[in-house]
Amino acid sequence: MSTFNLLTKDDAKAAAMANCEITITTPQEANTKSSLIVVSNRLPFVLKRDTKTGVLSRHASAGGLVTAVAPVVIKGKGLWVGWSGITLEETDKIPESDPEDCTPTAGLLSEQVVSVNVEPNLFDSYYNGCCNETFWPLFHSMPGRAKFCANNWQSYYEVNKEFAARTIQALERCLEKNTNPGVPIIWIHDYHLMLAANWIREEADEKNLPCLMSFFLHIPFPPWDIFRLLPWSDEILQGMLACDMIGFHIRDYCLNFVDCCQRNLGCRVDRKNLLVEHCGRSVRVRPLPIGIPFDRFVELAKKAKKLIKTNQKIILGVDRLDYTKGLVNRLKAFEVLLEKHPEHRENATLLQISVPSRTDVKEYQELKEEMDQLVGRINGRFTTANWSPIRYIYGCIGQEELAGFYRDSSVCLVTPLRDGMNLVAKEFVACQINEPPGVLIVSPFAGAGETMHEALLCNPYEIESAAEVIHRALTMPEDERSLRMGRMRRREKQQDVNSWMRQFLKAMDSLEEDEIGTTTMQPVTVDDFDYLLNYIGYNHKLALLLDYDGTLAPIAPHPDLATLPPETKNVLQRLSNHSDVYIAVISGRNVENVKKMVGIEGITYAGNHGLEILHPDGSKFIHPMPMEYEDKVTTLLKALQEEVCHDGAWVENKGALLTFHYRETPLELRAGLVEKARQLIIDNGFRAAEAHCAVEAKPPVQWNKGRASIYILRTAFGVDWSERIKIIYAGDDATDEDAMMALKGMAATFRVTNAQIVKTSAERRLPSTDSVLTMLKWVERHFMRRKPRSNSLTYKNRKRDCVKMQLAFDLVPNLSPANSAANSSDERD
């Protein structure tokens, strides 16, 4: 693991060019020239209210995060955003620290604290419900214990949104004070706040607030086959990807995350350099193994009183009482040790310290009961007049006392079934100041098992094998113990919690390259689409179904300005002349307009989301509309023009559809106008669908781009079209999702999106219309290498020029405002 003490000339030059700079002042301390805004579930201290006077008091909070980060926030005049732990009144003010406080947060002024106030029932649903009942077991690879509740997820969503709002206020405060020359860094922590970055970025972009964002996950990130079980997996990934950099404890968690981004979201990824492309940005994913305040634990170990007054060897375990810690397996392994190696009876004692956790939850109550019974059974089986095999402490122990236990123990068992890092292993190593030292046993399923190579590895699921590892630790020669512990102590001292902080700041400062590699994804190339060859092959015809606005042509302030780039038009023109390629453009515009904008003869055009279809031979399909809606369109158009068409808002008349545009409306006026427009649309019997700075009024007919796509393919290729052709569909909007769902499993689908959180049925995501052009170039390259076949006409030219009507239609009930908003669509897609 690399560390650094001084800036080289090249480093100094790079730092001078960067917006976010760091300066190494001592081997232990890093200062940032950017204001640091830390966002965590809890504030770095505990607030308590006097029951008699109602006065708030501030108490220190222990933890590696506080120790490492608080000094940087204090010195850089940054801010800390978090929940206070109690419900605060509007008149309450965060108190200053006690003058005699010597903890890392002592210098954190109340003006540097931004408290997030959450209503108790909402917080309970968010924290105890979603965080602890869903994310905690799932991310620890225990899906059988996870509970998926939509109400708890909604609470999580709302609380994250509140944290985002308070973080934006903190960012505005930092920018107003302008105390540091660099761009502010927002650092979000842990699984409680995986969505917050989405809204922070959205509002920061909208208000032009410069910032850099990072996220660090303190627990494991699960592999794809487990993570995919989460009903809201797409939203979680995209929420995290709103950051510029995402940190995990070890590389394995990084690779799991990158894999999920590719397989869940269809993102383009770079596994070698740990990069994910999202919304046109390159998001860095970095392993940043957290450390501990090593020197502080050394001092605690030196000062601690001797608590173990026995010649027996102590096997120490220190854990929260949690099902992820493998405590039951540990006790069973110790029982097997005493069975198979009776020489350890009366010579070794297991000291298990279990810190109470979530005592009001049934699962944890059952675990405590099981532990009590198991300790009682083992002690009852092996206890002698002078010795009990297990000493079990259920309660909290101060760090001073704990350091004494660490120092005087011969073996430390860190054997969780799954854990992010587990700092107990590092604390034990720091406190091993005696000679000869003790032995560390660690599970390969903890992050510490990936970094502390000199420790003995122990699979907690293999009870017999675990007992043998404990036996080896108890009988290990002194020279081997000294060698292993000496190497671990040197590394952990070097890679302490301050080193972790420096690595983070350095990673945020790296513009082009860091220890992992390049920090920017290479542009999309034609070769990136070679995987399509396995799907299309060399013998099939291809149907290209393409949206227009946002897919072929970039979104523009006005529909008339959304012109097709000449290069894209030329590629489409050449493809349209190939006998094995069929092209249909399916848009939200009216059919004549989309034909005019594309301007290519011999292809199919569908307008108004497929309500109108113009075939290459000139024949036309129009989905029937109820007669009464012809008059309703006129009435609605007049109402919208009279009541909401002002302050830059206007209505586009597309015949069967109307679109209310508000892109040019000032931000402060939008909400009122949009709500009024939506209500007018619903009152007139239409469905209101949200779009990009627009609201569409859709007639209540069961027809969409999905049904239109199937109709187009059936008309062109016959009823057995699915067996005769391969299909590529590309679109950028919710209306295209209807087609992607209808063609799922039968087409290669692409969603063009720059939005932060978009759930899609598409197989892959593309960042821009340029990427769509690159994909079309791959199609052209592939088919130009193929020899055209004499019988490969994609449709029959019909000589008649007529209008074909579909005789049947189905009305759908008008949707409530809540439901209609969910069916969002682009104004012209």
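At what angle do the axes of helix 10 (residues 327-340) and helix 11 (residues 362-382) cross? They cross at roughly 10° and come within 10 Å. The model shown in these views is predicted: local features need pLDDT of at least 70, and side-chain atom pairs count only at pLDDT 80 or more, while totals for chains, interfaces and linings use all residues. Residues are numbered from 1 along each chain as its sequence is written, and side-chain values use heavy atoms, with hydrogens and water left out.

**View 1. Helix 10 packed along helix 11.** Helices (H or I, at least four residues) and strands (E, at least two) are DSSP runs, numbered from the N terminus. Axes are lines fitted to C-alpha atoms, for helices over the stretch in contact, and angles run from 0 to 180 degrees between N-to-C directions. Helix 10 and helix 11 are therefore roughly parallel to each other (under 35 degrees counts as roughly parallel, over 145 as roughly antiparallel, 65 to 115 as roughly perpendicular and the rest as oblique). On the helix 10 side, the contact (heavy atoms within 4.5 Å) includes Leu327, Val328, Leu331 and Lys332. These meet a set in helix 11 that includes Leu367, Glu370, Met371 and Phe382. By class, the contact of helix 10 with helix 11 has 10 nonpolar, no polar and six charged residues (Ala, Val, Leu, Ile, Met, Phe, Trp, Tyr, Cys and Pro count as nonpolar, Asp, Glu, Lys and Arg as charged, and the others, Gly among them, as polar).

**View 2. The six-stranded open sheet and helix 11.** The strands of this sheet have the order 16-15-14-17-18-19 and pair in parallel; two strands pair if DSSP finds at least two bridges between them. Strand 16 (390-394) and strand 19 (456-457) are the edge strands, each pairing on one side only. Strand 17 (residues 411-414) and strand 18 (residues 439-442) run parallel and are joined by four bridges. Opposite valine 414 stands valine 442 in strand 18. Helix 11 lies across strand 15 (348-355) and strand 16, at about 155° to strand 16.

**View 3. A cis peptide bond before strand 18.** Glutamate 435 and proline 436 are joined by a cis peptide bond, with omega about -5°. Proline 436 is placed in the loop between helix 13 (424-430) and strand 18. Most residues other than glycine have a negative phi, and most peptide bonds are trans.

**View 4. Lysine 77, a residue with positive phi.** Lysine 77, which is not glycine, has a phi near 55°. Its place is in the loop between helix 2 (64-75) and strand 6 (79-83).

**View 5. Helix 3 across helix 4.** Helix 3 (residues 120-139) and helix 4 pack with their axes 8 Å apart, at an angle of about 115°. Helix 3 and helix 4 are therefore roughly perpendicular to each other. Among the residues of helix 3 in the contact are Leu122, Tyr126, Gly129 and Phe135; those of helix 4 include Asn151, Trp153, Tyr156 and Val159. The contact of helix 3 with helix 4 divides into eight nonpolar, six polar and two charged residues.

**View 6. An aromatic pair between helix 4 and helix 5.** The structure holds 28 aromatic pairs (rings of Phe, Tyr and Trp, the last by its six-membered ring, pair if their centres lie within 6.5 Å; planes under 30 degrees apart count as stacked, over 60 as edge-to-face and the rest as tilted). The rings of tyrosine 157 and tryptophan 199 have centres 4.8 Å apart and planes at 80°, so the pair is edge-to-face. Tyrosine 157 lies in helix 4 (residues 150-177) and tryptophan 199 in helix 5 (residues 196-206), so the pair ties together parts that are 42 residues apart in sequence.

**View 7. The four-stranded open sheet.** The strand order is 25-26-28-27, with antiparallel pairing. Strand 25 (650-653) and strand 27 (687-691) stand at the edges with a single partner strand each, so one side of each is left without a neighbour in the sheet. On average, neighbouring strands of this sheet are turned by 25° against each other, direction ignored. Strand 25 pairs with strand 26 (residues 658-661) over four bridges in the antiparallel sense. Tryptophan 650 has histidine 661 of strand 26 as its bridge partner.
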